[in-house]
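Here are some worked exercises on helix packing, burial and aromatic pairs. Have your viewer open and try each one before reading on.

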Amino acid sequence: MTLTPWFSVTLASIGISIVIAILRASLGPTAFDRVLAVNTIGTLVVLSICVYGFFDGRPEFLDIAVLYALINFIGTIAILKFFRHGTLGDHLPPEDTHNG
Amino acid sequence: MGFIIDATLIAFLALIAISALRRKRLFGMVMLSGAFSLVAATLFLVLDAVDVAFTEAAVGAGISTVLALATLSLVPAEEKPHSIAIVPAFLALTTGLLLSIAVSDLPEFGAADAPIHNHVAPEFIIGSEEKIGVPNVVTSVLASYRGYDTLGETVVVFTAAIAVLLIIGGWTRRETETAESTEDDHAG
């Protein structure tokens, strides 16, 4: 594990960004602020995994980061679908099935 | 440096957990628990438990969020007001304290002379390829040495998936209003 200033600065910046995103998710007045903040936390976590992989000399962590990005994406899609329909959409009310 | 990263991740976990507990609307709790799982998975990854991290990310951040959202369409959107329950709080704090004391008895992280590395692990690492014929040690342990155990696990997970689909799949909050229309597309 080689500690270079660049990696420390990068990891610290990502960490500060995550703190800000957590604060937004906690304070955010509307639910959409929270969705955006939680999605941002996920993206920053994926970024930090990439940076940590190179920092630790194991660039294959990139594969894991891609998997996390996909999972984060599925979660966001499910949340937005819940917003749109009030359910996850397996039994949509008739008026929603046309434009959904 | 490794210690700083671990401590930062644990601080994030505590921050997310506290802000999730302070929510009144259940939706915010679901969102924050998804973020909690993703950060926990990163902590496992940093601790070199990549398989556990995968499971935590897929189940905790992915499937659990979707299942909790599906549940939210069945239950009220807000938590009922309640006071702090003393007995469960005492039990949780005592268990946490006991576990923290027990941690000091664990072997050092990554120590080569830990019991887990000296019991049957060397035998598996040296002899499994000859005995089982599979180059990957983890695969031979999962599919052969512990084959029945893995079969049982698969049955349990399959049963749980069917039970969850039966409980959540058919109902929505508007079930009574749209009972007739949902009968038709029940197969889909």
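**Exercise 1: across the chains**

At roughly what angle do the axes of helix α3 (residues 61-85) of chain A and α3(B) cross, and within what distance do they come?

Before starting, keep in mind that this is a predicted model.

Step 1. Fit the two axes: they come within 9 Å, and the crossing angle is roughly 5°.
Step 2. Angles under 35 degrees count as roughly parallel, and α3(A) and α3(B) are therefore roughly parallel to each other.
Step 3. Now list who touches whom. On the α3(A) side the contact includes Ile64(A), Leu67(A), Tyr68(A), Ile71(A) and Phe82(A). On the α3(B) side, Val50(B), Phe54(B), Ala61(B), Val66(B) and Leu72(B) are among the residues taking part.

**Exercise 2: inside chain B**

How do α2(B) and α3(B) run relative to each other, roughly parallel or roughly antiparallel?

Step 1. Get the geometry: helix α2 (residues 26-46) of chain B packs on helix α3 (residues 50-72) of chain B at about 175°, and their axes are 7 Å apart.
Step 2. The cut-off for roughly antiparallel is over 145 degrees, so α2(B) and α3(B) are roughly antiparallel to each other.
Step 3. Check the residues that meet. From α2(B) they include Phe27(B), Val30(B), Gly34(B), Ala41(B) and Leu45(B), and from α3(B) they include Val52(B), Glu56(B), Gly60(B), Ala68(B) and Leu72(B).

**Exercise 3: two residues to classify**

Is Leu9(B) buried or exposed?

Step 1. Locate Leu9(B): its place is in helix α1 (residues 2-21) of chain B.
Step 2. Buried means under 20% relative accessible area; Leu9(B) has 10%, so it is buried.
Step 3. Look at the partners. Setting aside residues up to four places away in sequence, Leu9(B) touches Val39(B), Thr42(B), Leu43(B) and Val46(B). Take Thr42(B): it sits 33 residues from Leu9(B) in sequence, with a C-alpha to C-alpha distance of 7.9 Å.

Now do likewise with Ser26(A): which residues is it in contact with, leaving aside its neighbours within four places in sequence?

Step 1. Ser26(A) belongs to helix α1 (residues 5-27) of chain A.
Step 2. Its relative accessible area is 11%, so Ser26(A) is buried.
Step 3. The contacts are Arg34(A), Ser19(B), Arg22(B) and Arg23(B).

**Exercise 4: aromatic rings**

How many aromatic pairs does a search of the whole structure find over all chains?

Step 1. The search comes back with 4.
Step 2. Look at Phe124(B) and Tyr145(B): the ring centres are 4.4 Å apart and the planes stand at 50°, so this pair is tilted.
Step 3. Phe124(B) lies in helix α5 (residues 121-132) of chain B and Tyr145(B) in helix α6 (residues 137-145) of chain B, so the pair ties together parts 21 residues apart in sequence.
Step 4. With 31% relative accessibility, Tyr145(B) counts as partly exposed.
Step 5. Over in chain A, Phe7(A), Tyr52(A), Phe55(A) and Phe61(A) form one aromatic cluster.

**Exercise 5: chain B as a whole**

What share of the 188 residues in chain B is buried?

Step 1. Count elements: chain B has 8 helices and 0 strands.
Step 2. Burial comes out at 24% of the 188 residues.
Step 3. For surface, chain B has an accessible area of about 12,900 Å², with 71% of that belonging to carbon and sulfur atoms.
Step 4. Finally, split chain B into domain 1 (1-77) and domain 2 (114-173); their centres, taken over C-alpha atoms, are 24 Å apart.

Definitions and conventions. Residues numbered from 1 in each chain as written. Chains lettered and ligands numbered in written order. Predicted model: local features only at pLDDT ≥ 70, side-chain atom pairs only at ≥ 80, totals over all residues. Heavy atoms only, no water. Phe/Tyr/Trp six-rings, centres within 6.5 Å; stacked < 30°, edge-to-face > 60°. Helix = DSSP H or I, 4+ residues; strand = E, 2+ residues; numbered from the N terminus. Buried < 20%, exposed > 50% of the residue type's maximum accessible area, 1.4 Å probe, protein only. Domains from an automatic or database assignment. Areas by Shrake-Rupley, 256 points an atom, 1.4 Å probe, with all protein chains shown as cover. Axes fitted to C-alpha atoms, helices over the stretch in contact; angles between N-to-C directions. Parallel < 35°, antiparallel > 145°, perpendicular 65-115°, else oblique. Contact = heavy atoms within 4.5 Å.
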